[in-house]
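Here are some short exercises to work through with the model open beside you. Try each task before reading its solution.

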Amino acid sequence: MDPILTTNILNVVYEVSTLAVVVLGLAVVFGLLGVMNLAHGEFVMIGAYCAFFVQTQNLPFLAAVPVALLVCIVLGLAVERILVRPLYARPFDTLLATWGLSMLLREGVEAVYGRGFKSVAVPLTDSIDVLGADYPSYRLLLAAVSIALVAGLVWWFVRSATGRRIRAVVNNPELAGSVGIPVTALARNTFVFGCCLAALSGVLLAPLMPVQPMLGLDFILKSFFVLVVGGLGSLVGLISGSGVIGGVESIVSAFFDRTYGYTTVLIIAILFLWLRPNGLFPRT
Amino acid sequence: MSAPLFSFAGVTGGYGATTVVRAVDGEVAAGEACCVLGRNGVGKTTLMRLLTGHLPLQSGAVTFGGRPMDGLAPDERHGLGLIYCPQDRPVFDNLSVRENLTLMASADADRYAPLLAAFPILEDRMAQSAGTLSGGERKILSFVRGAAETGRLLLLDEPSEGVQQENVERMAAFLHEAKAAGRALLIVEQNLAFALEIADRVIVMDHGEVVLAGNAADMTEATLAAHMHV
């Protein structure tokens, strides 16, 4: 196979799979709590700064994973209790509150680390020969980890007792409480889980992007586009939305440049909002 | 006489600032059934939602097993043995019939065996999603789920709605069994004959208030119907 084509295909796979992990956290929280967490991208950013912090302490890269999870569990619990829970029945207020939170987190990180770009060393610097194309092994590993993570979570959601209970709460919150599902605790854990998923993405993506306080904005925007295109209803929608947004962006970026990639994605999102506002797989 | 298992006094509440139910009193002892009767829209379901913790009380008190229920979430009340089968959306439509029954229980379905034998229609539809059942079948599924639970108090909101007569009779048989086993029942019903067959006490509501309450044995269908304005 043509090495350039192979490289492009791998790039698409990489973009789509890493994006899907970020959107999954956002979508699971929205599905269960009805809360669109506009600070979701900032949890990605915090994860990336955890990777940077670990590097400044001369610890191995993977030490950033427990650090980021710990930070986001503490932060997620506090945010859920103080901000999200009192506003459950008020979706618009939740948007404002989480948007405010995102600003607070950006400014907070900026106060500590400044506005400048930080870089995190890539843990695996070699590349692997894939069908004649020389592809960085870290990117390949990251795509594989992302695919495994999404597949594992989907499997868990469909098969596990907790997954079934989450689906029950989404379908009928009132009955869920009355059959004994601890709805409040489940919602709290799901929110924290979504934050942790974002932070994990942040850690893993940190070596491949400039780490700076605004990086979360890019993720929240793209995540929105994915949900607009895919629809809020299902995992199929989420994955296909990631496919369209991540795929189009990386293909257009490869043939023209990144600005055209962004523009195309934006146009697609606008067209969807205009012509097919419920996305490819609407909630039934 | 010992204190009733479940009692409520002066229960007042509704949606937001709107009051739907005013100063409703009632009690159910173990082994006893109390039926709440009334036309559509008089606040029977709102009363149930106030008693189960789905709506906050504006005033009044609910006591179960000697314990005040205020501030307890529905799942905490369930944990204490208060089992509720709601009128509207009684099952999880997106889960299969089997998943509806085993959501909180282990896969062992022994406790369902006698119920499933009585309502074979469910056995045939185990793998089907509950959303594809008819209204009456959903009520049966909800009833089976609630009746199989071990909690001491069963709150049923119109269990017979849309259910075929032969299955209503089977429900009545299980409810008599539950009473004999010492469970307390609080049942909202529109079906007078069914209600009078199981009830020991009756509460008739109109415009969110109790208009008649007493022992079922003292009431005729005619008296009740007169108070229900039907």
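**Exercise 1.** Which residue lies over the face of A:Trp99, and at what distance from the ring centre?

*Solution.* This is a predicted model, in which local features need pLDDT of at least 70, side-chain atom pairs count only at pLDDT 80 or more, and totals for chains, interfaces and linings use all residues. Residues are numbered from 1 along each chain as its sequence is written, chains are lettered from A and ligands numbered from 1 in the order in which they are written, and side-chain values use heavy atoms, leaving out hydrogens and water. Start with the criterion: NZ of Lys or CZ of Arg must be within 6 Å of the ring centre and within 35 degrees of the ring normal. The residue is A:Arg106, at 5.4 Å from the ring centre of A:Trp99. Next, look at A:Phe157: the charged end of A:Arg167 sits over its ring, 5.9 Å from the centre.

**Exercise 2.** Find the salt-bridge status of B:Glu158, and say whether this residue is buried or exposed.

*Solution.* First, B:Glu158 is buried (under 20% relative accessible area, 1.4 Å probe, protein chains only). Second, B:Glu158 has no salt bridge, which would need a side-chain nitrogen of Lys or Arg within 4 Å of a carboxyl oxygen of Asp or Glu. The nearest side chain of opposite charge (Lys and Arg count as positive, Asp and Glu as negative; His and chain ends are not counted) is B:Lys44, 4.2 Å away. Third, turn to B:Gln190: its side chain and that of B:Glu158 are joined by a polar contact of 3.3 Å. Such a contact is a pair of N or O atoms within 3.5 Å; within protein, one must be able to donate a hydrogen and the other to accept it, and residues adjacent in sequence count only if both atoms are side-chain atoms.

Technical notes
Buried < 20%, exposed > 50% of the residue type's maximum accessible area, 1.4 Å probe, protein only.
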